[in-house]
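New notebook page, new structure. I'll jot down what I look up as I go.

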Amino acid sequence: MERQITSFIRALRASDVRVSTGEAIDATRAVSVAGYSDRAFLKDALRCTLAKSPEEAVTFDELFDAYFAPRSLNSSSQDQDNQNSEQSDASSEIDPVDLMESGDEAAIASALERAANAVDADDIRFSTQIAYYAQQMVREMGGERIQERLMQAFQQRSEEGDTEAERLIDLRRDLTMRARERVQRSYDIFGKGETEQFRNEFAENKKLSAIELSDMARMKVLVARIAKRLAVKHSRRRRKKNRGQLDVRRTMRANAGVDGVPFNVVWRQKRREKPKIVVICDVSGSVARYVRFLLLLLWSMKDVVPDLHAFAFSNKLVDVDDILEKNKFEDAMDQILRVAGMGSTDYGEAWTNLKSGHEQLIDRRTTIIVLGDGRSNHGNPRTDLFRSFAARAKRTIWLNPEPQPAWGTGDSEIPRYRPYCSSMSQVSTLKDLERAVDDVLSAYA
Amino acid sequence: MTQTSLTGYEPMTSIEAITSGLESVGYISTQQISTAVFLALGLRKPILIEGPAGVGKTDLAASLSRWLDVPLLRLQCYEGLDEGKALYEWKYGKQLLYTQLLKEKLNEVVGDEKTLESSLQKLGSFEDLFFSEQFLEARPLLTAMRQSAGSVLLVDEIDKSDEEFEAFLLEVLSDYQVTVPEIGTIKANVPPIVILTSNNVRELGDALKRRCLHLHIGFPDHKREQRIVQARVEGVSEDLLEQLISFVQSVRELDIKKQPSIAETVDWAKTLLLLHASALDEAFVRDTLNVLLKHESDIEAVTSDIPKLVREATSGKPMYPGQFTR
């Protein structure tokens, strides 16, 4: 029985539900209180101990229904049958043909279960392995014997022989189908989650410019997850106790009731600054794809960074806050590319626009994030303006989609901006983006 | 847990007993809620309840205490809550007052001593007097540990407290004992049933999550909400109740800032009762919508839909059968 719980927990872990050993112990204790007789009760009891958030509860419900499918609850009693029959060592002696012909569903299910255990079907990782495992199961159940009888039937070269062969072929197909179903279930429970995780990990480290449209849905989920992770990390308290510095005023007030004798000492507290981010994105052709993800990530973190301003340019700088605020993200992105994406890139003009229209946004708690390749078509880069922004801001972070060796080649003005940036790094994957944003927010801790 | 006959938790013998017991004090439970409560007692673990505001998180604790007839100790969390407010505090004022009043007595006692050292020693032997239970101001956590017949300890809105407090709470909740250095360790004879609630203002620490049973209470389905209103508001006619619940349930489906909670449904039912409404009509709804919805923009958004919603609610059939999976 405990084996069932531990393997269920393994399935949960595979699906990205974190279950600690302590929780696993609690789950078994909960089961010992709840028992297996009442399925709804068992489900609620396990959910209480294992699922720690609404999202995890959804995963839990799905897995529970798959794992403790009505059929497999019977199999708990079959488990014992298994052991008995294994002890008598009769398991592999059952002739598969007799078994299938007997029509005894319970016996067939039990035999399938036994075969699945024997070939460790629960270790399945990828959907491509289903056929392999099914094959193994059939062999385990004595598939060769069907084969032998089939050969015999063929060799008879008679009408009876042919019908017999047909019957055997059908029977074998039926058996294989059942084995496949059984393996499919194992895959749904144990493999799917891990495959998903593997794909996610792969996507996180894939070059953003190489992401296909079909992957956008997955990327969105991933970005949302990163945003949540960062939000949790950075939404911590904005106040820090500053032990050692006495807050005289508040100490006196707190102790007025005891004649001013300072029993309760109040320390000064330091308020942490709230992050304020001005993000300026080059949306000319080559960089546009990266902008999409950066904006999506930052916009998903609106709760943590309420003071967020976004600009886009290829030459003229456009304030895109409104567009992002009022539209669905995908539509907003299209619109941004329409209004700002035309024309040849000119960083100098963008800085001039920023200076004249929005300079007041930049103050000493602002972090400026520039996303661009710094390719300005040999126009005047206006480093003087850029320098003045950087001097006003808390930090200036430049994110460059190009790999470092390309910086400064051709019309790239990167080396001329670089001295004024607090940091300049290459971002090409989702992981890089996460790191960059994490770094920006950490500076406010 | 069964060998002590003193606890007040005896009635909690089974899930059904919990469900019907809670119902007897006006709390309409669900299988999930009752299971969590049952396990909380069986596994000696706190329950962490999450869910939107006004779905009966706090009320569960209050109802439990009412039903079991054990004291309810409530600790409301807020930013800056510290041990002194949650566990215990010395009554400084009283201590100070007593030393002042006993000054002469002290002089007498110490006066006989020749040297400074011996008088200090003498004084030292009275020290315990001032750090005794008499001067101890027990706060909810300590009070809960001291209840001999058990209690319900409600730690409300734990997400509003600081992280340090969360860590401190862990210590208390893992062994159900607290240590007062001057007095010693106070261990609960009968551990309290602990209920923590959270509105998810911030993500709670993993350590705390790990130690708790999780219970998510969402908005109730049609039937349960109907029973809740019935239990809370007397004299609502079947028809009105049916229409009112249908209306509220479909309002929750709309895209609004704050969905009406059970508390608001109950208030609205009371309002309609007060206005002697026998059936839902547009005028009534328009006039009383502010009871149900608390945001100006929400009221605006729903107002345009009132005719449609009322029509659907009064046509008798529930709009979205089997809704509220979230």
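Before anything else, a note to self: the domain bounds I use here come from an automatic or database domain assignment. Also, this is a predicted model.

Entry 1, domains of chain A. I looked up how chain A is split, and found domain 1 (2–202), domain 2 (239–271) and domain 3 (276–442). Then I checked the spacing of two of them: the centres of domain 2 of chain A and domain 3 of chain A, taken over C-alpha atoms, are 44 Å apart.

Entry 2, where the chains meet. I counted 24 residues of chain A in contact with 21 residues of chain B. Which helices of chain A each supply at least two residues to the side that touches chain B? I got α2 (21–34), α3 (39–50) and α4 (54–67). By type, that side of chain A has 12 nonpolar, 7 charged and 5 polar residues.

Entry 3, an annotated stretch of chain B. The unreviewed UniProt entry puts "domain: AAA+ ATPase" on residues 43–221 of chain B. Over those residues I read off 42% helix and 21% strand, with 29 Å between the end C-alpha atoms.

Entry 4, two strands of chain B. I found strand β1 (residues 47–50) running parallel to β9(B), with 4 bridges joining them. What is the bridge partner of L48(B) in β9(B)? It's H214(B).

Next I asked which way the side chains of β9 (residues 213–216) of chain B point. L213(B) and L215(B) go one way, H214(B) and H216(B) the other. That fits the usual pattern, as side chains in a regular strand alternate between the two faces of the sheet. Buried or exposed, these four? All are buried.

Terms used. Residues are numbered from 1 along each chain as its sequence is written. Chains are lettered from A and ligands numbered from 1 in the order in which they are written. This is a predicted model: local features need pLDDT of at least 70, side-chain atom pairs count only at pLDDT 80 or more; totals for chains, interfaces and linings use all residues. UniProt positions are given in the numbering used here, feature names are shortened, and annotations may be inferred rather than shown by experiment. Two residues are in contact if their C-beta atoms, placed from the backbone, lie within 7 Å. Ala, Val, Leu, Ile, Met, Phe, Trp, Tyr, Cys and Pro count as nonpolar, Asp, Glu, Lys and Arg as charged, and the others, Gly among them, as polar. A residue is buried if 20 or more other C-beta atoms lie within 10 Å of its own, exposed if 12 or fewer, and partly exposed in between; C-beta atoms are placed from the backbone. Two strands pair if DSSP finds at least two bridges between them.
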